[in-house]
Amino acid sequence: MSWRIGVDIGGTFTDVAVLDEVSGRIGIVKTSTTPRDFVAGVVHALKAAMARHGVPASDVVLLSHATTVVTNAILEEKGAKTALITTRGFRDVLELRRSARARLYDRNQEPPAVLVPRHRRFEITERVGADGEVVIPLEEDELDGIAEEIGNEGVEAVAVCLLFSFLHDDHERRIGARLRAALPGVPVFLSCDVLPELKEFERTSTTAVCAYVGPILASYVERLEQATRELKLPPLHIMGSSGGFLDVTESMKMPAMAVESGPAAGVVAAAFIGRQLDEPNLISFDMGGTTAKASLIRDGRVEVTSEYEVGADANVTRWMHGTGHPIKVPVIDLAEVSAGGGSIAWIDSGGGMHVGPRSAGAEPGPVCYGQGGREPTVTDCDLILGYLNPEYFLGGELILDAAAAEATLRERVAEPLGLSLLEAAAGVVAVVDHNMAEALRIVSVERGHDPRDFSLVAFGGAGPVHAVSLARELDIPKVIVPPIPGGFSALGLVATDLRREYVRTFYKRLDEVPPDEMSEALSAMEEMGRDMLVGAGVPEVRRKLQRAADVRYTRQAYELTVPIEDGDIGAAHLAKLAEAFHARHRTTYGHDSPNEPLQVVNLRVSAIGVLESPVLKAGGRGSGAIDAARRGTRQVYFKNAGTVSCGIFDRDRLPWCGDVPGPAIIEAADTTIVVPLGWRVGVDPKGFLIMERSDDG
Amino acid sequence: MADTIPAAFADNDPATFEVVKNSLYSMAAEMRVVLSKTAYSPILKSAGDFSCGIFDVRGDMVAQGPDLPMHLGSMPLAVKAVIRAWEEVAPGDVFIHNDPYFGGSHLPDVNVVTPAFAGERLLGFVCLRAHWPDVGGGTPGSYGTETEIFGEGLRLPPVRLYRRGEPLREVEDIIFANVRTPDEGRGNLRAQVGANRRAVTRLEGLARRHGPDRLLRIMQGVMDHSEMMMRQALAELPDGEGSFEDFCDGDGILESGETEDSPFTIRLHVKKSGDELAVDFTGTDPMVRGPMNSPLAVTASGVYTAVKTVADSDALIPPNSGCWRPISVQAEPGTVVNATLPAPVVYANHEIAHRVCDMVYMAMSGFAPNNVMACSQGTSAILAMGGVDRRTGNRYVNYEVVKGGFGARPGKDGINAIAASVANTANTPVEVVEMSFPLRVDRYELIPDSGGAGEYRGGLAARRVWKILDHTARATVCCERSKSPPFGLFEGKAGAPARIYLIKADGTRRDLNSKEHFIASEDSEIWYEVPGSGGFGPPSERDPEKVRADVRDGYVSVESARRDYGVDV
C-alpha cells in the first residue's frame with residue numbers, strides 16, 4: 001500500500017481525502033473546522049481519516065494541504081504589519097491604484113483597501129529607465145534612516161518595489177541585503193523575486209500581498225509541519241493557486257501563490273474525474289451557500305489566469321475589480337458569482353424579482369432549517385418544489401420545516417407578484433440558475449469556448465440539484481456527479497502534480513527576438529525549476545519543464561499565453577509561436593490580424609514533478625434491478641412539466657449501468673440529484689452518476 | 001405592491017423577465033471585456049474610455065454596461081442618428097459616426113453601431129462608443145483650442161462600414177487618411193466591430209430562446225421597470241427646489257493681449273416634485289469661442305449622473321433610457337450647455353458634464369442634505385501630447401487622465417485620487433507610458449492638503465510629472481477648477497484648485513492655463529496638479545484623532561491641522 005493524503009480546510013468542514021496509489025481505493029472523511037486553532041483541527045482530521053481507512057503513517061507517500069490561512073488574513077485584515085519601499089516620487093503607487101472606481105453611482109462607497117498605510121510607505125532616491133539603464137544611482141545610505149523608522153514602527157514584514165526592477169534588479173537586491181542585515185527576523189520581499197513583470201501597481205500589490213501574509217503563512221506552516229512530523233508523516237506540500245503543489249520552502253518565497261488553495265483543489269479534482277471518465281473537456285460547477293464557482297478544463301488541463309484580485313467585493317454576476325488587491329500570479333481561472341443555496345429572494349420597488357446577492361449563509365440559514373431564518377432562500381424553494389426530502393436532508397440529520405418555508409415565500413414573493421406558491425418558487429430557482437450560469441458563461445463563452453463541447457461536473461451539496469438546469473441554459477449535453485460531491489474537491493489534493501510557475505518579462509517584438517537571448521532566458525528559468533524539483537526530491541524521470549510566452553499584438557494591453565516548443569530557439573520556434581498566437585486570438589475574440597507585428601511580453605516556465613494519476617477502483621453494485629433502489633414517489637414541480645409524480649431513488653442502491661429516465665430524484669446522504677424530464681441518468685462502475693439529455697431535453 | 005406590476009410582467013413570468021434583463025446587461029459587460037482585451041490604444045485598453053450599450057429598434061437604450069456615466073444621455077442619440085440616416089438596415093451591416101451635431105458627443109468618441117436580427121426582423125442595435133487617441137484636426141490627440149468644429153478633426157456622419165457582412169474599404173480609407181496614428185486606429189476599430197459582433201450573437205441567441213416577440217416585449221419592459229423604480233426613488237426624496245451658479249475657468253482662447261482666458265457662468269435651477277425632477281439652465285452664458293460648448297445630450301448626462309447618485313446610490317435601478325423619463329432638462333439653444341453648429345465642443349464633453357453634475361448636488365443640498373456629496377475634482381484633467389519617437393522614427397500620441405478627489409459625503413471622508421461623477425477612466429501605468437513613449441514620469445503622488453477640510457475631509461488629488469526625452473512634444477492640457485476650486489458643503493471647505501506648469505530645461509517655470517496648447521521642448525517637465533475635492537460639515541467638528549491620523553499619514557500638514565481644524569500635532 002502507498003497512500004496519498006490531502007487535507008482541505010473549508011469554512012465549516014475540514015475534508016480529508018485518502019487514496020491508495022496501488023489499488024485506486026479512495027476515502028473521504030469530514031470533520032468540523034476549528035477556527036480557533038486550525039493546526040489542531042487538521043491533526044484531528046488526519047488522525048480520524050487514517051484510523052477510519054486503516055492507513056499507517058509509514059505507508060503514506062504524499063501529504064498535501066489546502067489552506068485558507070492566506071485568504072482569511074486578507075479578508076479579515078489580520079496580516080502582518082507591513083512597510084513598503086518605493087522609488088522616490090512613487091510613495092503612493094499602492095493607493096493610487098488604477099484610479100477607476102468600482103461602483104459608478106454609489107456616493108457611499110468605501111475607498112479601495114490599501115494593505116500598507118501611508119506612514120509606513122517609504123521613498124528612496126534611485127531610478128531605472130525604460131531601457132533598464134540606471135538614470136539615478138541608488139542612495140543606499142538613505143536606508144539607515146528608513147531601517148530605523150521601520151524598526152521603531154514594529155514592522156513585521158517589508159515589501160520593496162522599484163520602477164523597472166524587472167529590467168535591472170540590482171537596486172532592489174542591494175536594498176534587500178542591507179535591510180535583512182539591519183532588521184534580522186523581518187522578512188523582506190523584493191518585487192524582482194516575486195514578480196519580475198511590467199506594470200508597477202500590479203507588481204507592487206503582489207509584492208505587498210506576499211509581505212502581508214508571509215509571516216502568518218510561515219508560522220502556520222511551521223506549526224503544522226511540526227505536528228505532522230510528530231505523526232511520522234512525510235513532508236508537507238501546500239496546494240498552490242494554479243492547481244499544483246508547492247514545496248513548503250517555495251510557498252514561503254511566494255505566499256501569494258497559496259491564495260486560492262482550496263478552490264484550486266476542487267478544479268484539480270474535476271480534472272481528475274475527467275481522466276477517470278475519459279472526458280478531457282469539463283466545466284466544473286461548485287455551488288455553496290453564498291457563492292457559486294465555475295472553472296474550465298480543456299484537453300485535461302486546468303485553465304489559469306493572472307488577472308486576479310484577492311479580497312474583492314462581489315456583485316450578482318461578476319467579481320468587482322478595483323476593490324481588492326491584484327496579485328499577478330497564475331491562479332486557476334475561476335469565475336465566482338454571489339448566488340447559492342442561501343441566496344435571498346426579494347422584490348424591488350418596481351415589482352422586479354431578484355435573488356441575492358444577499359445570502360442567509362449558514363447562520364441563520366434558510367427558513368426551512370428552523371434556525372431563525374426569516375427570508376426566503378433558494379434552498380427553501382428547492383424544498384417547496386419537491387426536490388429536497390424534508391425527512392432526509394444531510395442523511396436525516398436536519399428535519400426541514402416545509403410549512404415555514406412556504407409561508408415565508410408566499411408572503412414575501414408569491415403574493416406581491418400575484419403568483420402561485422409553486423410559480424414563485426420555480427421563478428426564484430430560474431433566476432438563481434441563470435445567475436449561476438453566468439459564471440459558467442464567463443469561463444466558457446467569454447473565453448471563446450463552446451459549452452456544447454464540454455461536460456459539467458457538479459460539486460457541493462446543492463450543485464447536483466441545479467446542475468441540469470444550468471446545463472440547459474448553455475446547451476451542455478452531459479452532467480457528471482462524483483461519488484461524494486460535498487467533499488470530493490479534497491480528492492484534488494491527492495491527484496495533482498508538484499508545480500511551480502516562473503515568469504520573467506522579456507519585452508521584445510517577436511520579429512526582433514534574438515533566438516539566443518530567448519534560449520538563455522528560458523534556460524535560466526528552467527534551471528531554477530530544475531533546482532526546485534531536485535530540492536523537493538523529485539527523481540529525474542518525473543521532472544517536466546513546460547515553456548510558454550505571453551504574446552499580444554504590439555499595440556494591445558492584454559496578452560494570451562501560448563506554448564513554446566522544446567529545444568534551442570530558432571526561426572522555426574518563433575514562427576510556430578506566432579502561428580499559435582494568431583490561432584488563439586481567433587478562437588478567443590473571433591478575429592486575428594496575421595500581418596500585424598507581435599509583442600512578446602513575458603516568458604514562462606512551469607516546473608512539474610509528475611505524479612502518476614491513479615485509476616479509481618470500481619465500487620457499488622454490478623447488478624440488480626433499478627426498482628430495488630426505489631424509495632417511493634413524491635409530487636415534484638418541473639418548469640417544463642408542472643407538478644408530476646416523480647420516482648425517488650437511493651443512490652447507494654443504484655446498480656451499475658442502470659438507466660433511469662427523468663423525471664427522477666436520486667437521494668444520497670450528502671446530496672440530492674435532480675433529473676428533469678427529458679434527461680436520463682446512468683451509473684458508472686466507479687461511482688459517478690452521468691446525466692445525459694434525451695432527445696427532447 | 002400587487003397593483004404596481006408593470007405591463008412588462010403581463011406574461012406573468014417575472015423570472016423570465018429577470019433572466020432576460022440580466023442577459024441584456026451581461027452582454028453589455030461582455031462587450032467591455034472583449035474591447036479592453038483587443039483594442040490597441042492605452043486610452044481604451046488600459047484607461048477604459050468607452051461605453052457599451054444594447055438598444056431597441058427605436059434607438060432607446062435598454063442596457064448600459066458598467067461604463068462611463070458621461071455617456072448615459074447621449075448614447076441613445078448615437079443609435080437614433082443611424083436610424084434616421086438609413087431606412088434600410090440589413091443583417092451584417094455595421095455603421096460608424098462621431099458627429100456631435102448628429103448623435104455624437106465629441107469627435108474623438110467614435111460610435112460603432114451594429115443591428116441585430118432574427119431572420120430579417122430587426123431586434124435592436126448594439127453600440128460601442130470608444131475614445132480614439134486621435135481623429136485628426138490641428139493638434140495631436142485632436143484636443144486643440146479651436147474655434148470651430150471644422151478644426152477639431154474628421155467629422156463623420158452615420159455611414160456604413162460593412163454592408164451585409166462585407167467591409168466597405170472606401171470609408172475606412174477616408175478615416176485613416178485623416179488620423180495621425182492609422183495603424184492604432186485600425187486595431188481599435190477591429191476591436192469595436194468584434195465586441196459588437198459578440199453582443200449581437202448573444203442578442204440573436206436570446207431571440208431564438210425566448211422568441212423575438214417576447215424578447216422585444218421584455219426589452220420595453222426593462223425600460224418601463226427602470227422608469228418605475230426611478231419614479232419611486234424620486235418620490236421618496238423630499239420635495240423642494242434650489243438654484244446654483246458657478247463659473248468655469250475659461251474656454252482656452254486668448255483674445256489679443258490676454259494672458260488668461262475668461263471665465264463664463266452656468267446657472268441652474270432644480271425642482272423636485274413628486275416623482276419628477278426638472279433642471280432648468282435659464283441664465284447660463286451664451287456659447288464661447290473655444291471648445292467648451294456642450295451638446296444638450298452631454299449636459300443631460302451630467303444631470304442624469306447626479307440624479308442617479310442622489311436617488312439611487314445603491315445602484316438598484318438598471319441604467320437605461322427608462323430612468324430618465326421622469327427627468328426634464330431645459331436649456332436655451334446657443335448657450336454653453338446647448339451648443340449649436342459650428343461651435344467647437346471637444347472639451348465640453350467631459351468638463352461641462354462634470355460641472356453640471358457637481359452643481360446639481362449643491363442645488364439639491366437645501367432640500368435633500370443627506371443624499372448629496374461635496375464637489376469632486378470636477379474635471380477629466382487631460383494631457384494629450386505627441387511628437388516623433390526618435391527610438392523608432394514613428395509618430396506617437398499619448399493621451400492620459402489624472403484623477404483628483406472624490407468629494408466628502410455625509411458621514412464619510414472623500415476618496416483620494418479616484419474617478420468621480422461622470423468619469424470613470426483609469427490611469428496608464430507609469431512603466432507602460434515609458435515603454436510606449438519617449439517620456440519619463442518623475443512623480444505620481446498624492447498632494448497633501450488638497451482635500452477640503454471638513455468634519456468629513458475631501459479626497460486628495462494626485463500630481464503627475466512628465467519629462468520630455470530626446471524630442472520636442474506638442475501638448476495640450478484640458479482641465480477645470482483652477483479658478484473655482486471644488487466647493488465644500490455645510491461649512492466644509494473647498495478642495496485645492498488645479499495647478500499646471502511647465503519647468504523648462506533651464507529651470508524656469510511657466511504657469512499654464514487650465515486649457516492650453518503648448519510646445520514642451522526636450523528635457524522640460526510638465527507638472528500637473530489636479531483639483532482635490534470639497535469637505536462636508538464644519539472642520540471644527542472633526543474628531544481630533546482623525547486629524548492626527550491624517551497628519552501622521554501626511555494627508556494633512558501640521559500647519560493645516562492647526563489652521564483649519566484647530567488641532568495641534
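Trainee: What makes strand β16 (residues 473–478) of chain B and β19(B) a pair?

Mentor: The model is predicted, and in it 6 bridges join β16(B) to β19(B). Two strands pair if at least two bridges are found between them, so the 6 bridges satisfy the requirement. The two strands run antiparallel. As an example, Arg474(B) has Ile519(B) in β19(B) as its bridge partner.

Trainee: How do you know that strand β12 (residues 382–389) of chain B and β13(B) pair?

Mentor: The reasoning is the same: at least two bridges are needed, and β12(B) and β13(B) have 8 bridges, in the antiparallel sense. Gly386(B), for instance, has Val397(B) in β13(B) as its bridge partner. The hairpin of these strands has 4 residues between them, and Gly393(B) takes a positive phi near 80 degrees there.

Trainee: Why are β13 and β19 (515–520) of chain B called edge strands?

Mentor: The open sheet has 4 strands in the order β13-β12-β16-β19 (chain B), with antiparallel pairing. Each of β13(B) and β19(B) pairs on one side only. Neighbouring strands of this sheet are turned by 15 degrees against each other on average, direction ignored.

Trainee: Why is strand β13 (residues 394–401) of chain B described as largely enclosed by the rest of the structure?

Mentor: The description follows because 6 of the 8 residues of β13(B) are buried. A residue is buried if 20 or more other C-beta atoms lie within 10 Å of its own.

Trainee: Is Ala381(B) buried or exposed, and how do you know?

Mentor: Ala381(B) has 30 other C-beta atoms within 10 Å. The cut-off is 20 or more, so Ala381(B) is buried. This residue lies in the loop between α8 (348–364) and β12 of chain B.

Trainee: Why does Asp523(B) count as partly exposed?

Mentor: Asp523(B) has 14 C-beta neighbours inside 10 Å. A residue is exposed at 12 or fewer and buried at 20 or more, so Asp523(B) falls in between and counts as partly exposed. Asp523(B) lies in the loop between β19 and β20 (525–529) of chain B.

Trainee: What makes the phi angles of Ala381(B) and Asp523(B) worth remarking on?

Mentor: Most residues other than glycine have a negative phi. Ala381(B) is not a glycine, yet has a positive phi of about 45 degrees. Asp523(B), also not a glycine, has a positive phi of about 70 degrees.

Trainee: What makes the peptide bond joining Gly356(A) and Pro357(A) a notable one?

Mentor: Most peptide bonds are trans. The bond between Gly356(A) and Pro357(A) is cis, with omega about 0 degrees. Pro357(A) is found in strand β22 of chain A. Another cis bond joins Gly662(A) and Pro663(A), where omega is about 5 degrees. Pro663(A) lies in the loop between β31 (659–661) and β32 (664–667) of chain A.

Trainee: How many residues of chain A are in contact with chain B?

Mentor: 58 residues of chain A are in contact with 72 residues of chain B. α12(A) gives the most to this side of chain A, with 6 residues. The residues of that side divide into 23 nonpolar, 19 polar and 16 charged.

Trainee: Why should residues 1–8 of chain B be read with caution?

Mentor: pLDDT stays under 50 over residues 1–8 of chain B. Where pLDDT is low, the predicted coordinates should not be read in detail. Chain B averages a pLDDT of 94, and 98% of the residues score at least 70.

Note on methods:
Residues are numbered from 1 along each chain as its sequence is written. Chains are lettered from A and ligands numbered from 1 in the order in which they are written. This is a predicted model: local features need pLDDT of at least 70, side-chain atom pairs count only at pLDDT 80 or more; totals for chains, interfaces and linings use all residues. pLDDT is the predictor's confidence in each residue, from 0 to 100. Two residues are in contact if their C-beta atoms, placed from the backbone, lie within 7 Å. Axes are lines fitted to C-alpha atoms, for helices over the stretch in contact, and angles run from 0 to 180 degrees between N-to-C directions. Ala, Val, Leu, Ile, Met, Phe, Trp, Tyr, Cys and Pro count as nonpolar, Asp, Glu, Lys and Arg as charged, and the others, Gly among them, as polar.
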